[in-house]
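Me: I have a model open here and want to go through the strands and the core. Can you take my questions as they come?

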Amino acid sequence: MDGTGGSVGLVIGAASGVGRAVARTLAAQGIRVAVADADRDGLAHTVRLLEEQGHKASAHEVDVTDTARVEALFDEVEDGTGPVSYTH
């Protein structure tokens with residue numbers, strides 16, 4: 001851990017690929033991670049991978065074309081996990 005303490009990372013597009021890799025990297029650095037994507041199954045897989053590595057993550061289904069939903073996502077994450085320090 002690199003001393004990120006209570007930092008929270010919100011990774012949109014975390015159901016696969018680069019987003020999943022970013023979520024795993026942040027978690028490995030001790031950052032609490034919230035993952036978001038429209039792909040519910042992919043999100044579940046990402047959360048499972050993080051949990052297998054000993055990390056906790058919250059999953060949030062979101063369609064990024066819905067501006068109101070994206071705004072609500074930030075509120076959800078902050079209410080449930082804490083203020084967002086990092087976004088991707």
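Me: How many of the six residues of β2 are buried?
Reply: Five of the six, so β2 is mostly covered; buried means under 20% relative accessible area with a 1.4 Å probe, protein chains only. Strands here are DSSP E runs of at least two residues and helices H or I runs of at least four, numbered from the N terminus. This is a predicted model: local features need pLDDT of at least 70, side-chain atom pairs count only at pLDDT 80 or more, and totals for chains, interfaces and linings use all residues. Residues are numbered from 1 along each chain as its sequence is written, and side-chain values use heavy atoms, leaving out hydrogens and water.

Me: Which strand does β1 pair with, parallel or antiparallel?
Reply: β1 (residues 8-12) runs parallel to β2, joined by five bridges; pairing takes at least two DSSP bridges. Ile12 stands opposite Ala36 in β2.

Me: And β3?
Reply: β3 (residues 57-61) also pairs with β2 in the parallel sense, over five bridges. Ala34 faces Ser58 there.

Me: Which β-α-β unit includes α2, and what is its hand?
Reply: β2, α2 and β3 form a right-handed one, meaning that with the strands pointing away from the viewer, the path from the first strand over the helix to the second runs clockwise.

Me: Now the core. Which elements each supply at least two residues to the largest one?
Reply: The largest nonpolar core has 12 residues, including Val11, Leu26, Val33 and Leu50. A core here is a set of buried Ala, Val, Leu, Ile, Met, Phe, Trp, Tyr and Cys residues joined through side-chain atoms within 4.5 Å. α1 (17-28), β2 (32-37) and α2 (40-52) each supply at least two of its residues.

Terms used:
Buried < 20%, exposed > 50% of the residue type's maximum accessible area, 1.4 Å probe, protein only.
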